[in-house]
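Colleague: I should like to request a close look at a single part of this model, explained so that a first-year student can follow it. Please begin with one residue and then place it in its surroundings.

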Amino acid sequence: MNNEKNFTSGGVLKSLIQFAIPVLAALFLQSLYGGVDLLIVGQFAETADVSGVATGSLLMQTVTMVITGLSMGITIYVGQKIGEKNDEEAGKAIGSGIVLFILIGGILSVLLVVLTKDLANLLHAPKEAYTQTCEYIMVCGLGTIFIGFYNLLGAIFRGIGDSKTPLFTVLVACIFNIFGDLLFVAVCGLGAMGAALATIMAQAVSVVISALVIMKKKLPFTFKKAYICFHKRIIVQELKLGTPIALQEFLVGISFLVIQTVVNSIDVIASAGVGVAEKVCAFIMLVPSAFSQAISAFVAQNIGAGLKERAVKALKYGIMISLCAAAVIGSFTFFKGNILANVFAKDTEVIIQAHEYLKAYAIDTFLTSVLFCFIGYYNGCGNTFFVMLQGIIGAFCVRVPVVIFMSNLPDTTLFYIGLATPMSSVFQILLCVLFMTYNKHKTAKRSMKGCSN
């Protein structure tokens, strides 16, 4: 049975939801096996280990976001070629992507291992958690190649409209990660290092399974072993689409690392609190994140087929559904965020600090419901340079300055520091709306010129 979907026909809402649900489930499991590290470390290790995993995982999350951004170039390019019925070009795009990610994964692995201590110092890892932070970064750095290939294979599946296979592979990875964490952290007492070992082991297993599945699948395009080579023209196009997204994700990630660095300078309790809150955030942002990815794949195929109205409908439906989810999730997080934080920590002070920070993110759940869907839409359209631009402006013109300002206020709290994120989202949504208005006027002018001619 084939899981691929052609998004250029049929009901928009039904197709979007059917594709988004497996994406949502896969993201949930992905967040779960990321959160399991902190959960088990929080229950079976010390606060220093929690801080080490929190700081180290935030850095690795930034690396993963960069890789995901680059892989989006492949998702968009493949989706557009399938929409154009250009099967051979889609196959060559996959082959070129494999070569590209071998290079990227290797380079990142070397950099992370060599620069482990420098990165820990740069992040102002608390003295009590310095060793744990270094251990987490080094072990995860060694396994970056698996992170790269995991995202590459996920990009391939999304590009062909298959969101069910990645769900299966991430489920397997999640199970392996849970057992790995219990073995390395709870039984062997390896703390932060054990959590990193479990994560990399799970990624490796997921890559192997994904590769086996894709080799046996009947693909909706031509693919030959000969396509796995350096096609300069195609790689340039994939990088042209993916690099702006990757750069935006990198710089946005840097802005969150700045927040972690500021908090690390306060004390180890605040550091652990923000780390716990970030893990909770990965769950409360799942719905808009899922629709962002689903909209990207949906829009890419429809833009390739010249069906712009279907693409716009997908954006509207995504925002509507995400806002409904935010009304429930955001409200619960604001008033009962301590219950969510308690899942990942046993220290009462850490839970209190995490809840303070989560209150700001609860507000942001409503804003990201709009923002993430816009980002998915513009990525699918190929407007990745704009996506990069709005992300950078939001991060460095709003989020970072607000964090620095709030952190210097007398008697400041993590809630005030956390408010930098929703403030940034408001500004980015405004930019997205202005860009859409600009494009509408531009299209209208072209139509008027065409009529006059």
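In which loop does Phe 230 lie?

Modeller: The model is a predicted one. Phe 230 lies in the loop that runs between helix α8 (191-216) and helix α9 (232-264). The relative accessible area of Phe 230 is 52%, so this residue counts as exposed, the cut-off for that class being over 50%. Phe 230 also belongs to a nonpolar patch on the surface. The other members of this patch are Leu 103, Ile 107, Val 110, Leu 111, Val 114 and Leu 115. Together with Phe 230, these residues have about 670 Å² of accessible area.

Other loops may be examined in the same manner. Val 343 is placed in the loop between α12 (308-342) and α13. With a relative accessible area of 41%, Val 343 is partly exposed. Along the sequence, Val 343 and Val 36 are 307 residues apart, yet in space their C-alpha atoms are 9.7 Å apart.

The loop that holds Val 343 leads to helix α13, which spans residues 348-381 and packs with helix α14, residues 384-407. The angle between these two helices is about 150°, and their axes are 8 Å apart. Because an angle over 145 degrees counts as roughly antiparallel, α13 is described as roughly antiparallel to α14. The crossing of α13 and α14 is left-handed.

Helix α14 contains Leu 389. This residue, Leu 389, is partly exposed, at 38% relative accessibility. Leu 389 and Gln 248 are 141 residues apart along the chain, while 7.2 Å separates their C-alpha atoms.

Beyond Leu 389, the account turns to Asp 411, whose place is in the loop between α14 and α15 (414-418). Asp 411 is exposed, with a relative accessible area of 76%. Its backbone also deserves attention: Asp 411 is not a glycine, but it has a positive phi of about 55°. As a general rule, most residues other than glycine have a negative phi.

A positive phi is found at His 124 too, with a value of about 55°, although His 124 is not a glycine. His 124 is located in the loop between α4 (116-122) and α5 (130-142). The relative accessible area of His 124 is 43%, so His 124 counts as partly exposed.

Terms used:
Residues are numbered from 1 along each chain as its sequence is written. This is a predicted model: local features need pLDDT of at least 70, side-chain atom pairs count only at pLDDT 80 or more; totals for chains, interfaces and linings use all residues. Side-chain values use heavy atoms; hydrogens and water are left out. Patches are made of residues with over 30% relative accessible area and no salt bridge: like charges are joined within 9 Å, nonpolar side chains (Val, Leu, Ile, Met, Phe, Trp, Tyr) within 5 Å. Accessible areas come from the Shrake-Rupley method with a 1.4 Å probe; for residues, only the protein chains shown count as cover. A salt bridge is a side-chain nitrogen of Lys or Arg within 4 Å of a carboxyl oxygen of Asp or Glu. Helices (H or I, at least four residues) and strands (E, at least two) are DSSP runs, numbered from the N terminus. Buried means under 20% relative accessible area, exposed over 50%, partly exposed in between (1.4 Å probe, protein chains only). Axes are lines fitted to C-alpha atoms, for helices over the stretch in contact, and angles run from 0 to 180 degrees between N-to-C directions. Angles under 35 degrees count as roughly parallel, over 145 as roughly antiparallel, 65 to 115 as roughly perpendicular and the rest as oblique. A crossing is left-handed if the near helix is turned anticlockwise from the far one by less than a right angle, and right-handed if clockwise.
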